[in-house]
Amino acid sequence: MQKHFLIPSGYIILKDGNKILLSRRFQTGYMDGFYSFPAGHVEKGERFLDCGIRELKEEIGVEVKEEDLKLVQIMHRYNGKEMIDFRIDVFYTCSKWNGDIQNMEPNKCDDLQWFEIDNLPINIVPYIKKAIENIQNGIFFSEI
(Lines give C-alpha, C1' and ligand atoms only; values in the text may rest on other atoms or scores of the structure.)
Protein backbone atom coordinates (compact mmCIF):
# COMPACT_ATOMS: atom_id res chain seq x y z
CA MET A 1 0.00 0.00 0.00
CA GLN A 2 1.30 3.42 -0.98
CA LYS A 3 1.67 6.12 1.64
CA HIS A 4 -0.13 9.44 1.37
CA PHE A 5 1.42 12.87 1.66
CA LEU A 6 -0.46 15.60 3.48
CA ILE A 7 0.20 19.25 2.64
CA PRO A 8 -1.49 21.63 5.13
CA SER A 9 -2.01 25.31 4.24
CA GLY A 10 -3.44 28.32 6.03
CA TYR A 11 -5.31 31.19 4.35
CA ILE A 12 -6.55 34.50 5.69
CA ILE A 13 -9.19 36.37 3.72
CA LEU A 14 -9.00 40.08 4.42
CA LYS A 15 -12.44 41.67 4.15
CA ASP A 16 -13.42 45.29 3.84
CA GLY A 17 -17.20 45.46 3.69
CA ASN A 18 -18.22 43.45 0.62
CA LYS A 19 -14.66 43.39 -0.77
CA ILE A 20 -11.92 40.80 -0.38
CA LEU A 21 -8.20 41.17 -1.04
CA LEU A 22 -6.70 38.92 -3.70
CA SER A 23 -3.12 38.55 -4.86
CA ARG A 24 -2.10 37.52 -8.38
CA ARG A 25 0.47 34.74 -8.54
CA PHE A 26 3.67 35.49 -10.44
CA GLN A 27 6.71 33.29 -11.23
CA THR A 28 5.67 30.61 -8.72
CA GLY A 29 5.30 27.69 -11.12
CA TYR A 30 1.68 27.11 -10.09
CA MET A 31 -1.30 29.00 -11.56
CA ASP A 32 0.75 32.08 -12.39
CA GLY A 33 -1.46 34.94 -13.56
CA PHE A 34 -4.35 33.76 -11.37
CA TYR A 35 -5.66 35.36 -8.19
CA SER A 36 -5.60 33.71 -4.78
CA PHE A 37 -5.34 34.73 -1.13
CA PRO A 38 -2.20 35.40 0.88
CA ALA A 39 -1.37 31.93 2.18
CA GLY A 40 1.28 29.33 2.67
CA HIS A 41 2.17 25.89 3.89
CA VAL A 42 2.07 25.17 7.60
CA GLU A 43 5.60 24.86 8.94
CA LYS A 44 6.79 22.44 11.61
CA GLY A 45 5.37 23.39 15.01
CA GLU A 46 2.79 25.78 13.54
CA ARG A 47 -0.98 25.76 13.78
CA PHE A 48 -3.03 26.68 10.71
CA LEU A 49 -3.81 29.96 12.43
CA ASP A 50 -0.13 30.75 13.04
CA CYS A 51 0.64 29.96 9.41
CA GLY A 52 -1.97 32.39 8.11
CA ILE A 53 -0.81 35.15 10.46
CA ARG A 54 2.84 34.62 9.47
CA GLU A 55 2.04 34.57 5.77
CA LEU A 56 0.05 37.83 5.93
CA LYS A 57 3.04 39.54 7.51
CA GLU A 58 5.49 38.04 4.99
CA GLU A 59 3.37 38.57 1.88
CA ILE A 60 1.46 41.82 2.44
CA GLY A 61 3.11 43.41 5.49
CA VAL A 62 0.13 43.48 7.86
CA GLU A 63 -0.41 42.03 11.31
CA VAL A 64 -3.60 40.48 12.61
CA LYS A 65 -4.61 39.21 16.02
CA GLU A 66 -5.81 35.69 16.59
CA GLU A 67 -8.99 36.92 18.26
CA ASP A 68 -9.92 38.84 15.08
CA LEU A 69 -9.88 35.73 12.90
CA LYS A 70 -12.93 33.63 12.16
CA LEU A 71 -12.63 30.05 10.86
CA VAL A 72 -14.92 29.84 7.82
CA GLN A 73 -13.87 26.91 5.62
CA ILE A 74 -11.93 23.67 5.75
CA MET A 75 -11.20 22.15 2.37
CA HIS A 76 -9.84 18.67 1.74
CA ARG A 77 -8.26 18.46 -1.71
CA TYR A 78 -6.41 15.76 -3.52
CA ASN A 79 -4.22 15.83 -6.59
CA GLY A 80 -4.71 13.31 -9.36
CA LYS A 81 -6.43 9.97 -9.77
CA GLU A 82 -4.09 8.12 -7.43
CA MET A 83 -5.04 10.42 -4.55
CA ILE A 84 -1.53 10.37 -3.12
CA ASP A 85 -1.06 14.12 -2.60
CA PHE A 86 -3.69 15.22 -0.06
CA ARG A 87 -4.12 18.84 0.92
CA ILE A 88 -5.94 20.37 3.84
CA ASP A 89 -6.68 24.08 3.38
CA VAL A 90 -8.00 26.09 6.33
CA PHE A 91 -9.54 29.49 5.61
CA TYR A 92 -10.11 32.35 8.07
CA THR A 93 -11.68 35.76 7.54
CA CYS A 94 -10.47 38.97 9.13
CA SER A 95 -11.73 42.56 8.98
CA LYS A 96 -9.15 44.17 11.30
CA TRP A 97 -5.42 44.47 10.73
CA ASN A 98 -2.50 46.71 11.58
CA GLY A 99 -0.22 48.19 8.96
CA ASP A 100 -0.52 49.24 5.35
CA ILE A 101 -1.18 46.55 2.79
CA GLN A 102 1.73 46.29 0.38
CA ASN A 103 3.25 43.69 -1.89
CA MET A 104 6.17 42.34 0.13
CA GLU A 105 6.98 39.59 -2.41
CA PRO A 106 7.01 41.17 -5.89
CA ASN A 107 8.97 38.15 -7.12
CA LYS A 108 5.89 35.95 -6.38
CA CYS A 109 3.00 38.41 -6.72
CA ASP A 110 2.46 41.04 -9.40
CA ASP A 111 -0.86 42.50 -8.19
CA LEU A 112 -2.78 43.05 -4.96
CA GLN A 113 -6.34 44.14 -5.49
CA TRP A 114 -9.67 44.45 -3.69
CA PHE A 115 -12.60 42.76 -5.45
CA GLU A 116 -16.31 42.86 -4.74
CA ILE A 117 -17.29 39.39 -3.50
CA ASP A 118 -19.96 39.27 -6.23
CA ASN A 119 -17.59 40.44 -8.98
CA LEU A 120 -14.50 38.25 -8.80
CA PRO A 121 -11.91 38.17 -11.57
CA ILE A 122 -12.19 35.47 -14.22
CA ASN A 123 -8.58 34.44 -13.60
CA ILE A 124 -9.00 33.10 -10.08
CA VAL A 125 -7.52 29.80 -8.87
CA PRO A 126 -10.44 27.32 -9.19
CA TYR A 127 -10.31 25.91 -5.66
CA ILE A 128 -10.12 29.46 -4.27
CA LYS A 129 -13.29 30.33 -6.18
CA LYS A 130 -14.91 27.18 -4.76
CA ALA A 131 -13.86 28.15 -1.22
CA ILE A 132 -15.42 31.61 -1.68
CA GLU A 133 -18.65 30.03 -2.96
CA ASN A 134 -18.70 27.62 -0.04
CA ILE A 135 -18.20 30.41 2.47
CA GLN A 136 -20.98 32.48 0.89
CA ASN A 137 -23.30 29.45 1.03
CA GLY A 138 -22.46 28.61 4.64
CA ILE A 139 -20.69 25.35 3.72
CA PHE A 140 -18.02 24.84 6.35
CA PHE A 141 -16.31 21.68 5.05
CA SER A 142 -15.72 20.53 1.48
CA GLU A 143 -13.85 17.83 -0.39
CA ILE A 144 -12.67 18.32 -3.94
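**Largest pocket, salt bridges and surface features of the predicted model**

The largest pocket holds about 720 Å³ of space. Of the 31 residues that line this pocket, Arg25, Ala39, Gly40, His41 and Tyr127 are the closest to its centre. The structure described here is a predicted model. Several elements contribute to the lining of the largest pocket: the strands β1 (5-16), β2 (19-25), β4 (39-41), β5 (70-79), β6 (85-94) and β7 (109-116), together with helix α1 (48-60), each supply at least two residues. The most is given by α1, with five residues. In terms of residue character, the lining of the largest pocket divides into 12 charged, 11 nonpolar and eight polar residues.

Charged side chains were examined next. Side chains of opposite charge can pair when their charged atoms come close. The structure holds 10 salt bridges, three of which are described below in terms of their position in the chain and their accessibility.

A salt bridge joins Arg24 to Asp110, with the closest N and O atoms 2.7 Å apart. Distant parts of the chain are linked by this pair, since Arg24 belongs to strand β2 and Asp110 to strand β7, 86 residues apart. Arg24 is classed as partly exposed because its relative accessibility is 24%, which lies between the limits of 20% for buried and 50% for exposed residues. Asp110 is also partly exposed, with a relative accessible area of 37%.

A salt bridge between strands β5 and β6 is formed by the side chains of Arg77 and Asp89, at an N to O distance of 2.4 Å. Arg77 is in strand β5 and Asp89 is in strand β6, so this pair ties together parts of the chain that are 12 residues apart in sequence. Arg77 counts as buried, at 10% relative accessibility. Asp89 likewise counts as buried, at 0% relative accessibility.

Within helix α1, the side chains of Arg54 and Glu58 meet in a salt bridge, with 3.3 Å from N to O. These two residues are four residues apart in α1, and therefore about one helical turn separates them. Arg54 is buried because its relative accessible area, 17%, is under the 20% limit. Glu58, by contrast, has a relative accessible area of 35% and is partly exposed. Both residues also take part in a network of salt bridges that links Glu43, Glu46, Arg54, Glu55 and Glu58.

The surface also carries a nonpolar patch. This patch is formed by Leu71, Phe140 and Phe141, which together have about 280 Å² of accessible area. Phe140 is placed in the loop between helix α2 (126-136) and strand β8 (141-143). With 40% relative accessibility, Phe140 counts as partly exposed.

Two residues of the loop between β2 and β3 (35-36) are notable for their backbone angles. Gln27, located in this loop, has a phi near 55°, a positive value in a residue other than glycine. The relative accessibility of Gln27 is 57%, and Gln27 therefore counts as exposed. Met31 lies in the loop between β2 and β3 as well, and its phi is near 50°, again a positive value in a residue other than glycine. Met31 counts as partly exposed, at 25% relative accessibility.

Separation along the chain and separation in space were considered for two further loop residues. Asn18 is found in the loop between β1 and β2, and at 38% relative accessibility it counts as partly exposed. Although Asn18 and Asp118 are 100 residues apart along the chain, their C-alpha atoms are separated by 8.2 Å. Asp100 has its place in the loop between β6 and β7. With a relative accessible area of 63%, Asp100 is exposed. Asp100 and Gly10 are 90 residues apart in sequence, and the distance between their C-alpha atoms is 21 Å.

Notes. Residues are numbered from 1 along each chain as its sequence is written. This is a predicted model: local features need pLDDT of at least 70, side-chain atom pairs count only at pLDDT 80 or more; totals for chains, interfaces and linings use all residues. Side-chain values use heavy atoms; hydrogens and water are left out. On a 1 Å grid over the protein atoms alone, a cavity is a set of points where a 1.4 Å probe fits but cannot get out, and a pocket is an open set with protein on both sides within 12 Å along at least five of seven lines; lining residues have an atom within 4 Å of a point. Grid points are joined across faces, edges and corners, and a volume is the space filled by probe spheres set on the points. Ala, Val, Leu, Ile, Met, Phe, Trp, Tyr, Cys and Pro count as nonpolar, Asp, Glu, Lys and Arg as charged, and the others, Gly among them, as polar. Patches are made of residues with over 30% relative accessible area and no salt bridge: like charges are joined within 9 Å, nonpolar side chains (Val, Leu, Ile, Met, Phe, Trp, Tyr) within 5 Å. Accessible areas come from the Shrake-Rupley method with a 1.4 Å probe; for residues, only the protein chains shown count as cover. A salt bridge is a side-chain nitrogen of Lys or Arg within 4 Å of a carboxyl oxygen of Asp or Glu. Buried means under 20% relative accessible area, exposed over 50%, partly exposed in between (1.4 Å probe, protein chains only).
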